[in-house]
Amino acid sequence: MSWNVAGRVQRLGEQAELVVALGADLICLQEVTSTTAPRWTALLAQAGWSYTHVAWPGDPEPGTKPRRRPLSVLTTSREAASRTEIADLPWAERALAVRTQGLEVVNVHSPISPSPGLAKVLTHEALHRHMSTSDGPRILCGDLNTPRREHADGRVWTFARDQYGRLREDRGERWDEAELSLIKGLESFGFRDAFREEHGPAWKELSWEWPRWGGGYRLDHLIASAEVEVRAISYAHEWRQATLSDHSPLAADIAWPD
């Protein structure tokens, strides 16, 4: 399962109770913090998830003032899991790769579009390079903060475009291609959007909604390589509707060759 837990502190116990009850072998969480990550690690260890990795911010560039970036990702597994490196990430705490039982799992929380220093663009480009140049069974999951709109004919608009689909001058083609690089750009390497594969391009479903006026986006994804069989996939919207997070978790039944 994959879930952006929104940094919740007071409701972490409720979140953990549901996560544990779901019983997934692999759990990828986004928006954990230095406060919540130890609590998540301890609660999951008590319930049988013994192999937990958390991505933390790297050291600032020499001569630069470190930015406060409190949000990290956490991946845990029932079986032994070892960390693998992802090169050239601008924010080291926003993506984490581990390998367990022959499967590489990449857990991602993409920076939002207003993030400084092209953080979103550089993150997507680094992850595309990593996924397209590694081998074996691989999945990428998490909050990718894209797309803006999915069309019934399969076209996708990213946040490099305005509400009418026009490319924004302040973002441009590189930005557009970077956001597309994970949800569409890996298809030529044998990957697919697992939810779209099962439900088709015309199916409308949101994983994040505007809290006041409705509407939103499907920001949370599972991108799987050709070796990975996705037997079932769905969002648990009731967890979001109970205000446990502003994102719906994504759960999938997957299998891959040993």
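This passage walks through a predicted model, starting with its sheet and ending with one buried arginine.

Strands come first. Six of them line up in an open sheet with mixed pairing, in the order 5-6-7-8-14-11. At the edges sit strand 5 (82-84) and strand 11 (192-193), each of which pairs on one side only. Inside the sheet, strand 6 and strand 7 run antiparallel and are joined by six bridges. One residue to look for here is Val98, whose bridge partner in strand 7 is Val105. Helix 3 (residues 119-133) packs on this sheet, where it touches strand 6, strand 7 and strand 8. The direction of helix 3 makes about 170° with that of strand 7.

Next comes the nonpolar interior. In soluble globular proteins, nonpolar side chains tend to be buried together. Here the largest nonpolar core has 21 residues, and Ile139 and Leu222 are the ones that touch the most other members. Plenty of elements chip in at least two residues each, including strand 2 (26-32), strand 6 (95-100), strand 7 (103-109), strand 8 (138-143) and helix 5 (194-199). Strand 15 gives the largest share of this core, with three residues. Apart from this core lies another one, of 19 residues, with Ala37, Trp40, Val54 and Ala236 among them. Back in the largest core, what does Leu222 touch, leaving aside residues up to four places away in sequence? The list includes Ile139, Leu140 and Cys141, along with Ile233, Leu250, Ala252 and Ile254.

Two helices make a neat pair to look at as well. Helix 1 (residues 12-22) and helix 2 (residues 36-46) pack at an angle of about 35°, and their axes are 11 Å apart. Their crossing is right-handed. On the helix 1 side, the meeting residues are Leu12, Gly13, Gln15, Ala16, Val19 and Val20. Helix 2 brings Thr36, Arg39, Trp40, Leu43 and Leu44 to the meeting.

Finally, there is Arg218, found in the loop between strand 13 (216-217) and strand 14 (220-224). Is this arginine buried or exposed? Arg218 has a relative accessible area of 3%, so it counts as buried, the cut-off being under 20%. The side chain of Arg218 has polar company: one polar contact, of 2.8 Å, joins it to the side chain of Glu150. Another polar contact, of 3.2 Å, links the side chains of Arg218 and Tyr235. Not counting residues up to four places away in sequence, Arg218 also touches others, among them Thr146, Pro147, Asp193, Phe195 and Glu205.

Key. Residues numbered from 1 in each chain as written. Predicted model: local features only at pLDDT ≥ 70, side-chain atom pairs only at ≥ 80, totals over all residues. Heavy atoms only, no water. Helix = DSSP H or I, 4+ residues; strand = E, 2+ residues; numbered from the N terminus. Buried < 20%, exposed > 50% of the residue type's maximum accessible area, 1.4 Å probe, protein only. Polar contact = N/O pair within 3.5 Å; in protein donor to acceptor, adjacent residues only side chain to side chain. Contact = heavy atoms within 4.5 Å. Core = buried A, V, L, I, M, F, W, Y, C linked by side-chain atoms within 4.5 Å. Pairing = 2+ DSSP bridges. Axes fitted to C-alpha atoms, helices over the stretch in contact; angles between N-to-C directions. Left-handed = near helix turned anticlockwise from the far one by under 90°.
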